[in-house]
Amino acid sequence: MTNILSTSALAAAVMLAGVTSAFAHAEFVKSVPAPDAAVASPTEIDITFSEGINLKFSGAKLADSMKMSVSTGPAALAKGGDTTLVVPVTKPLAAGEYVVEWHNLSKDGHKSKGSFKFTVKP
Amino acid sequence: MISPDSSLIACHLLQDASAILLWGACGYLFACVPPTLSSVTARRLRPLLRTAAAALAAATVLVLPVNAAFVGEGWSDALDLDTLQAFLFDTNLGTVWIAQAVLALVVLPFTFRKPASLGIVALGAALFLSCHIFFGHAVRLQGAGRLALQASYLMHVLAVGAWVGALVPFTAMLRHSGPDMQNDFALAMRRFSTVGHGVVAFVVVTGVLNAWLIHGRLWPAWHSLYDQLLVAKIVVVSAMVMIAICNRYVLVPRLKRGDGSLRVLIWLSLSEVALGSLALVLVSLFSSLDPA
């Protein structure tokens, strides 16, 4: 009986583990330029998330150190996957600090948002 | 004002509870219960099955504007045509919604036929639940891992549904068991037991696979609200498994003695259904949280 009980307890635990994360969020994994990096003016900003995202309800805004928004091209998904958001930077950026504010809708149905900074070297 | 997020959780809970009941109950009555007993039991459960099918359709229709409010800028976008259109045709969630809406609306009239078309209802509800693999955690991975996870998750969802859903007609048959259909009843119980062992084993195997593919671990860490709710659910489902074992190996062998075991068995089976519902509520609560 003890055997049956311990087996079933294990079974229950395992079963639960199986249905734990029915919905998770597409979290920030990495970006190019990387957070807090000092780089030459980039031609695009790539943000990779922990899971697939829906392009339609995902995007990123670029702003300079004066919080003035910098215009960017239409966001797209990187080829060969749905986890990386690519935002073209249409004009060369002047030296200084920039903030990227991103938001996404993951394929499993959750919204997430965040921001990071990078610096363009003179 | 209730937020779109909370409303979405409530709608999903109603959808899943209804679909699980329809799949498990109708599937069991269709596949495991001899025809006469099956139709008698289905007739007894008719109000419940119809309510579940109506709730499934209503919750599914509601999910569309709630989703639009959720992905858009709030309730003001719930009926905004541009947002609805973008949600429906430019997201994977919209595609899933279309499939689920079709299934929910197709299933509904079949529960109103006399007798209800149990096989079709079970199939429709199973397909409805299967849609989970296109927006649940199964889509977190990429490539071959995603396919493996989707397959495993599909089996998992259906096995869980079969277990909890089938308990409802099973309990109904216990309550009304009399001398007239003893053989049918005994056969239905034996099949419940045989299939039940298989279903729970299936749940375990696919559960291990899911957990391993997604977390790379089997046991929750203890520090977040997510984990606390998960632990609560582990306690609830462990109790369900204990009850199932007690029912099968302690109470069922004593039924012939006529010493009140039947009453206890009915009571415990109903508690199992109640615990299953509680587990589903817990899942829907922590499903909105990030497991990381």
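# Close-up views of chains A and B

**View 1. Strands S4 and S8 of chain A run antiparallel and are joined by 8 bridges.** In this close-up, strand S4 covers residues 53-64 of chain A and strand S8 covers residues 96-106. Please keep in mind throughout that this is a predicted model. For a landmark on the ladder, look for A:Ala60, whose bridge partner in S8(A) is A:Trp102. Strands like these belong to a broader picture: strands of a sheet pair through backbone hydrogen bonds, either parallel or antiparallel.

**View 2. Strand S4 of chain A also pairs with strand S5, again in the antiparallel sense.** Here 2 bridges link S4(A) to S5(A), which spans residues 69-70. Find A:Leu62 and you will see A:Val70 of S5(A) standing opposite. The two strands form a hairpin with 4 residues between them. Which residue of this hairpin takes a positive phi? That residue is A:Lys67, with a phi near 65 degrees, even though A:Lys67 is not a glycine. A:Lys67 sits in the loop between S4 and S5 of chain A. With 7 other C-beta atoms within 10 Å, A:Lys67 counts as exposed, because the cut-off for that class is 12 or fewer.

**View 3. Four strands of chain A make an open sheet.** Follow the order S1-S3-S7-S6 across the sheet, and you will meet antiparallel pairing. At the edges are strand S1 (28-32) and strand S6 (76-77) of chain A, each of which pairs on one side only. Further in, strand S3 (residues 44-49) and strand S7 (residues 84-88) of chain A are paired antiparallel over 5 bridges. One residue to look for is A:Glu44, which has A:Pro88 of S7(A) as its bridge partner.

**View 4. The loop between S1 and S2 of chain A holds A:Pro33 and A:Asp36.** Strand S2, at the end of this loop, is made of residues 38-39. What kind of peptide bond joins A:Val32 and A:Pro33? The bond is cis, with omega about 0 degrees. A little further along the loop, A:Asp36 has a positive phi, near 65 degrees, in a residue other than glycine. Is A:Asp36 buried or exposed? A:Asp36 is exposed, with 10 other C-beta atoms within 10 Å.

**View 5. A:Gly81 marks the loop between S6 and S7 of chain A.** This glycine is exposed, and 11 other C-beta atoms lie within 10 Å of it. The exposed class follows because that count falls under the cut-off of 12 or fewer. Now look across to A:Tyr98, which is 17 residues from A:Gly81 along the chain. How many Å separate the C-alpha atoms of A:Gly81 and A:Tyr98? The separation is 27 Å.

**View 6. In chain B, helix H3 and helix H4 cross at roughly 100 degrees.** Helix H3 takes in residues 46-71 of chain B and helix H4 takes in residues 81-90, and their axes come within 9 Å. The crossing angle is why H3(B) is described as roughly perpendicular to H4(B). H3(B) contributes B:Leu64, B:Asn67, B:Ala68 and B:Val71 to the contact, while H4(B) brings B:Thr83, B:Leu84 and B:Phe87. What classes of residue meet here? The contact has 5 nonpolar and 2 polar residues, with no charged ones.

**View 7. A cis peptide bond runs from B:Lys114 to B:Pro115.** Its omega is near -5 degrees. To locate B:Pro115, go to the loop between helix H5 (92-111) and helix H6 (118-130) of chain B.

**View 8. Stepping back, chain A contains 1 helix and 9 strands.** Along the sequence, the helix comes at the start of the pattern and the strands follow: α-β-β-β-β-β-β-β-β-β. Chain A has 122 residues, 39% of which count as buried. Among contacts with a separation of 6 or more in chain A, 59% are between residues 24 or more positions apart. The mean pLDDT of chain A is 83, with 80% of the residues at 70 or more. Where in chain A is the pLDDT below 50? That is the case over residues 4-23, a stretch that has 54 contacts in the model beyond near neighbours in sequence.

Technical notes. Residues are numbered from 1 along each chain as its sequence is written. Chains are lettered from A and ligands numbered from 1 in the order in which they are written. This is a predicted model: local features need pLDDT of at least 70, side-chain atom pairs count only at pLDDT 80 or more; totals for chains, interfaces and linings use all residues. Two strands pair if DSSP finds at least two bridges between them. A residue is buried if 20 or more other C-beta atoms lie within 10 Å of its own, exposed if 12 or fewer, and partly exposed in between; C-beta atoms are placed from the backbone. Two residues are in contact if their C-beta atoms, placed from the backbone, lie within 7 Å. pLDDT is the predictor's confidence in each residue, from 0 to 100. Axes are lines fitted to C-alpha atoms, for helices over the stretch in contact, and angles run from 0 to 180 degrees between N-to-C directions. Angles under 35 degrees count as roughly parallel, over 145 as roughly antiparallel, 65 to 115 as roughly perpendicular and the rest as oblique. Ala, Val, Leu, Ile, Met, Phe, Trp, Tyr, Cys and Pro count as nonpolar, Asp, Glu, Lys and Arg as charged, and the others, Gly among them, as polar.
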